[in-house]
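User: Please take a close look at a single part of this model, the helix that crosses the open sheet, and describe what surrounds it.

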Amino acid sequence: PTNKAESAVKNYLKEKLKNSSSYESINFSKLDTLNEFDTSDTKQISLYKITHYYNIINSENEKTKMTITFFLDKNLKVTYSNTNSINGDFGSLTGNVFWKYNDYVGTKADAGSSIIIYSLDSIRGNSKQETIADIQGNYKINNILPGKYLLIINSKNTFNCPYQIFFNLAENKPEIKQLFNFDLDKYKKQFVDIFNFINKSTEISNNFSEAWNSSQLDAYLSKTNELDRTRDKMIENLIDSFPIEFKEKIQILSSFSRSQQFSIIRVEENKEKNIITDFGISCL
């Protein structure tokens, strides 16, 4: 049925595209059967999905490579796609970055922070766009091709604690491997050991009681501080073991590097994506 699915997608595009005469098929992924019925459209039940790569001339008269996943019903008819951005028209990204100076002053604009977006559509070769936040912490990136991106915001004024860096890395392993050709699963044992240690520390922290006397409280604080230092040392050793080339690319040179926020975003054509980033209080 793969040929039938591909024909259905091509016909769907020719009906929906604004400039269908410029449509040029590149290739298709294999046809996947969904593990669970997809009912995103209440009138249809999708049983299959297939990803299509194609070229299109957008409204700016530029040739654009597109990566779109289409969902199909039992008759291999397209029910919907994973995005409405099928024409290759541009979108934009705006945002504001700030941090907390202290309780008295409050928040301040994170002027000078860097904003980078990396394309996660492999057909585009991991292209990136970047800008710098202005004096009010505002930024904007125009002419972004529609698709999925990894957004990395690097603070100018604050530093991450080691555990924040650790979770940024742990939660974005696939994207880091794709974009920076660095497989964090090679350090699986260290990641598992740190996660287990964090879980153990959390259990101890949850045993806190307001009924404790001063000596019990002192013992508790001494123990949790010791656990925090041990955790941070484990993360420091992990980061120290990374090649310097990778650490320079991702701007993590130590376990107390500048604060970063990682997030996966989808940019839609003819729409503005807005991101608000609060780095809070600096760890240092």
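Analyst: Helix H3 (residues 173–180) lies across E8, strand E11 (147–159) and E12, and runs at about 80° to E8. Helices (H or I, at least four residues) and strands (E, at least two) are DSSP runs, numbered from the N terminus. Axes are lines fitted to C-alpha atoms, for helices over the stretch in contact, with angles from 0 to 180 degrees between N-to-C directions; contact means heavy atoms within 4.5 Å.

This is a predicted model, in which local features need pLDDT of at least 70 and side-chain atom pairs count only at pLDDT 80 or more, while totals for chains, interfaces and linings use all residues. Residues are numbered from 1 along each chain as its sequence is written, and side-chain values use heavy atoms, with hydrogens and water left out.

The open sheet has four strands in the order E9-E8-E11-E12, with antiparallel pairing. Its edge strands are E9 (128–132) and E12 (258–267), each of which pairs on one side only. On average, neighbouring strands of this sheet are turned by 15° against each other, direction ignored. Two strands count as paired if DSSP finds at least two bridges between them. Strand E8 (residues 114–119) is joined to E9 by five bridges, and the two run antiparallel. Within E8 and E9, Ile116 stands opposite Glu130.

H3 also has a helical neighbour, H2 (residues 162–171). In H2, the residues Pro162, Ile165, Phe166, Asn168, Leu169 and Ala170 are buried. Buried means under 20% relative accessible area, exposed over 50%, and partly exposed in between (1.4 Å probe, protein chains only). The buried residues of H2 pack against H3, helix H4 (188–205), helix H5 (214–240), helix H6 (244–250) and E12. E12 therefore appears twice, as an edge strand of the sheet and among the elements that the buried residues of H2 pack against.

After E12, the loop leading to strand E13 (272–278) holds Asn270. Asn270 is exposed, with a relative accessible area of 56%, and its phi is near 60°, a positive value in a residue other than glycine. Asn143, in strand E10 (residues 138–144), likewise has a positive phi, near 50°. Most residues other than glycine have a negative phi.
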